[in-house]
Amino acid sequence: MHRASTARWGSVTGGGVVNMLATRLPDLGAAVPFYGSAPPTEDVVKIKAPLMVQSAEVDERINASWPAYEAALKAANVRYERYLYPGTQHGFNNDTTPRFDAAAAKLAWQRTIDFLNKNLR
């Protein structure tokens with residue numbers, strides 16, 4: 001989803017793509033990566049947009065990179081918040097897979113809409 005907002009925009013799509021875009025688009029207004037691969041830690045300093053990170057509890061590969069990513073976010077003074085959805089797996093927001101978790105997906109999406117409204121309106 002891309003939403004124009006006075007020459008600023010936000011992004012919600014594949015989490016790795018969102019994280020990469022956050023490091024490359026200085027006018028990005030907000031970004032919401034869903035269980036995405038972290039960008040290279042040396043690129044985190046380039047992030048200017050606030051982030052809402054949506055994470056699955058049972059996602060070893062993605063969660064293994066979180067401590068270094070979070071440390072880089074803090075060092076770069078990036079505004080971020082992270083939600084970890086208990087009992088969920090990577091892809092919990094995708095209703096075409098058996099990993100879909102309706103309750104977590106609904107909550108994550110509402111948080112996403114609220115975050116984008118707050119940061120892009």
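**Figure 1. The buried residues of helix α3 pack against α1 (15-24), β4 (51-58), α2 (60-64) and β5 (80-89).** This is a predicted model, in which local features need pLDDT of at least 70, side-chain atom pairs count only at pLDDT 80 or more, and totals for chains, interfaces and linings use all residues. Residues are numbered from 1 along each chain as its sequence is written, and side-chain values use heavy atoms, with hydrogens and water left out. Helices (H or I, at least four residues) and strands (E, at least two) are DSSP runs, numbered from the N terminus. Helix α3 covers residues 66-75, and its buried residues are Trp66, Tyr69, Ala72 and Leu73. They share one side of α3, because they cover an arc of only 130 degrees around the axis. The arc is taken from the directions that run from the helix axis to the C-beta atoms. Pro67, Lys74 and Ala75 are exposed on the face turned away from the buried side. Buried means under 20% relative accessible area, exposed over 50%, and partly exposed in between (1.4 Å probe, protein chains only).

**Figure 2. Asparagine 77 follows just after α3.** Asparagine 77 sits in the loop between α3 and β5. Its phi is positive, about 55 degrees, although it is not a glycine. Most residues other than glycine have a negative phi. Is asparagine 77 buried or exposed? It is exposed, with a relative accessible area of 68%.

**Figure 3. Tyrosine 35 also has a positive phi, near 35 degrees.** Tyrosine 35 belongs to the loop between β3 (28-31) and β4. Its relative accessible area is 12%, so tyrosine 35 counts as buried.

**Figure 4. Helix α4 (residues 102-120) has a buried side.** The helix has 19 residues. From first C-alpha to last, α4 reaches 26 Å, close to the 27 Å expected at 1.5 Å a residue. That expected span is 1.5 Å times one less than the number of residues. Ala104, Ala105, Ala108, Thr112, Phe115, Leu116, Asn119 and Leu120 are buried in α4. Why do they lie on the same side of α4? They cover an arc of only 100 degrees around the axis. An α-helix has 3.6 residues a turn, so residues three or four places apart point the same way. On the other side of α4, the exposed residues are Ala103, Lys106 and Lys118. Look next at the start of the helix. There, a side-chain oxygen of aspartate 101 comes within 3.3 Å of the backbone nitrogen of alanine 103.

**Figure 5. Glutamine 54 of strand β4 reaches a backbone oxygen of α4 residue alanine 108.** A polar atom of the glutamine 54 side chain lies 3.1 Å from the backbone oxygen of alanine 108. Such a polar contact is a pair of N or O atoms within 3.5 Å; within protein, one must be able to donate a hydrogen and the other to accept it, and residues adjacent in sequence count only if both atoms are side-chain atoms. Glutamine 54 is buried, with a relative accessible area of 0%. Leaving aside neighbours within four places in sequence, glutamine 54 is in contact (heavy atoms within 4.5 Å) with residues including Tyr35, Tyr83, Tyr85, Arg111 and Thr112.

**Figure 6. Asparagine 19 of helix α1 joins tyrosine 69 through their side chains.** The polar contact between the two side chains is 2.8 Å. Asparagine 19 is buried, and its relative accessible area is 1%. Not counting residues up to four places away in sequence, asparagine 19 touches Pro33, Gly36, Ser37, Ala38, Pro39 and Tyr69.

**Figure 7. The structure holds one cavity of 30 Å³ or more.** Rolling a probe the size of a water molecule over the atoms shows where empty space is left. On a 1 Å grid over the protein atoms alone, a cavity is a set of points where a 1.4 Å probe fits but cannot get out, and lining residues have an atom within 4 Å of a point. How much space lies in the largest cavity? About 80 Å³. Grid points are joined across faces, edges and corners, and the volume is the space filled by probe spheres set on the points. Asn19, Trp66, Tyr69 and Arg82 are among the lining residues. β4, α2 and α3 each supply at least two residues of this lining.

**Figure 8. Alanine 64 of helix α2 and serine 37 lie 9.8 Å apart, C-alpha to C-alpha.** In sequence they are 27 residues apart. Alanine 64 is exposed, with a relative accessible area of 61%.

Definitions and conventions:
1 Å grid on protein atoms, 1.4 Å probe; cavity = no way out; pocket = protein on both sides within 12 Å on 5 of 7 lines; lining within 4 Å.
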